[in-house]
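I opened this structure to look up its salt bridges and one packed pair of helices, and I kept my notes in the order in which I looked.

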Amino acid sequence: SRAIKTNQDLLPETPWTQIFYNDFWGTLLTHSGSHKSYRPFCTLSFRINHAVGGMDPWGYHLVNVLLHAAVTGLFTNFSRILFGDGYWTLIAGLLFASHPIHTEAVAGIVGRADIGACLFFLLSLMCYVKHCSTRGSSPSTWGWILGAGLCAGCSMLWKEQGVTVLAISAVYDIFVFHRAVLNPLRPAILVRKNLTLFFSIGLLTSWGTALLGVRLYWMGNKPPSFSNSDNPAADSDSFLTRTLTFFYLPTKNLWLLLCPDTLSFDWSMDAVPLLKAVSDWRNLHTVAFYAGLFLLAYFSLKSSSNERECNGRTVMNGKQNANGHSCHSEMEYKTLEVKSSFASKEENGIKRHEMQKVQLPSTENIVILSLSLLIVPFVPATNLFFYVGFVIAERVLYVPSMGFCLLVTVGVRALYVKAQKRFLKNLVFCSTAALIVFYGLKTVVRNGDWQNEEMLYRSGIKVNPAK
């Protein structure tokens, strides 16, 4: 209602430039009651929808679905850089396309802010990937980094978390393109040939700092204020309660990505009871969550392992495996001849496999990038650095879910490679296909909750009966 129905910024008689002075709900940013959600590009898209179709919701929904389709295509294209042409890229794309956690962002019109931010997030990341691949060999490389910066700014103007793409780009450059690992990281960055890396990272840091500075200045240098019902933990007088609850909430969000069985449009009030004591059993979930993340990151960064998985194939000490594939130095890209999963065909009764040369990062590097993509865009919503106006919001998981889908895909690929018997390989593959089907079915069911306001509120009774 506030974002569209009663938002004066959508009306033709309101100067369109007013969009850049008001928050997402049409309130002046410097006003004491402003939510401080500065998303002018999303509001501009609503205004265009209003100019074309008025208050008919069909056009608004169509734009959301088209944006989700575009994001899915871009994400699948980015996955090709990590997994190459084949089934694994397709699996990553299908997981993202069908995940039920996206329903609120796509079916709920105001969720367009997250979809639009994700669209320019990926465009910025793809521009930076091109910058890395052309750096030192083409003058156009600085055009690509300029495009990455502009798209990052556009992503932030769709929703605040879009600026985190600059950090993800830095992670890609260091851990995927330059293939840095824990032990040789220090000597690697002292090498003179990596001065261009330092320069690129410096540009990303400077641009990110400038964007955040301008954003803070534009909203009046004051943080927003939220009601107790929106975020009860933030209003708690107990430091222990706030700390335990805020550290627990990421665990709850991860569970929604893993098992999106119970979904709700409203997690406010007592939907997630506060953790008031160390003896609360939910603290075990918190410990397990952070321990798991730490171990996953540590073993991915660790370089002392003798056995490493290289593009889905196991190699020992950089030597060739039984299939004749090799894995080169950890600080370099490797060029492998891999069989395209879809290139297999029969011509004149003779089965032939098309071979192509691709550059693919190792499993460990993909895990580091996936963890970063899962964690960094979610950091603004954690309440750990500044308070936000919600406890849990499924729409904010739209961007982090890309990291989750990559993690699942790389995990499935590792299981498939480790499986010795054909039966086990088929079991892994069929289980993944079943997961995608069930995600899709859950998404269809969840869409039914967004048919009208009554059905939406009925769907939230189980999670938030008081509201």
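I began with the accessibility of Arg-395, which is partly exposed at a relative accessible area of 26%; the model I am reading is a predicted one. I then looked up the partner of this side chain and found that Arg-395 meets Glu-104 in a salt bridge, with 2.7 Å from N to O. Since Arg-395 sits in the loop between helix 12 (363–375) and helix 13 (400–418) while Glu-104 belongs to helix 4 (residues 103–107), the pair ties together parts that are 291 residues apart in sequence. Glu-104 itself I noted as buried, with a relative accessibility of 6%.

Next I turned to Glu-394, whose salt-bridge partner is Arg-446, and I recorded 4.0 Å between the closest N and O atoms. Here Glu-394 lies in the loop between helix 12 and helix 13 and Arg-446 in helix 14 (residues 422–448), so this pair ties together parts that are 52 residues apart in sequence. When I checked accessibility, I found both Arg-446 and Glu-394 to be buried.

I then looked at a pair within one helix, namely Arg-458 and Glu-454, whose side chains meet in a salt bridge at 3.1 Å, N to O. Both residues lie in helix 15 (residues 453–459), where they are four residues apart, or about one turn of the helix. For Arg-458 I noted a relative accessible area of 56%, which means that this residue counts as exposed, the cut-off being over 50%.

How many salt bridges does a search of the whole structure find? I wrote down ten, and I also noted that Arg-39, Glu-160 and Arg-215 are linked in a network of salt bridges.

My last entry concerns helix packing. The axes of helix 5 (residues 112–134) and helix 7 (residues 165–177) come within 10 Å and cross at roughly 35 degrees, and I recorded the crossing of helix 5 with helix 7 as right-handed. On the side of helix 5, I listed Phe-121, Ser-124, Leu-125, Tyr-128, Val-129, Cys-132 and Ser-133 as the residues making the contact, and on the side of helix 7, Val-165, Ile-168, Ser-169, Tyr-172, Asp-173 and Phe-177. Sorting the residues of this contact between helix 5 and helix 7 by type, I obtained nine nonpolar, three polar and one charged.

Note on methods
Residues numbered from 1 in each chain as written. Predicted model: local features only at pLDDT ≥ 70, side-chain atom pairs only at ≥ 80, totals over all residues. Heavy atoms only, no water. Axes fitted to C-alpha atoms, helices over the stretch in contact; angles between N-to-C directions. Helix = DSSP H or I, 4+ residues; strand = E, 2+ residues; numbered from the N terminus. Left-handed = near helix turned anticlockwise from the far one by under 90°. Contact = heavy atoms within 4.5 Å. Nonpolar A, V, L, I, M, F, W, Y, C, P; charged D, E, K, R; others polar. Buried < 20%, exposed > 50% of the residue type's maximum accessible area, 1.4 Å probe, protein only.
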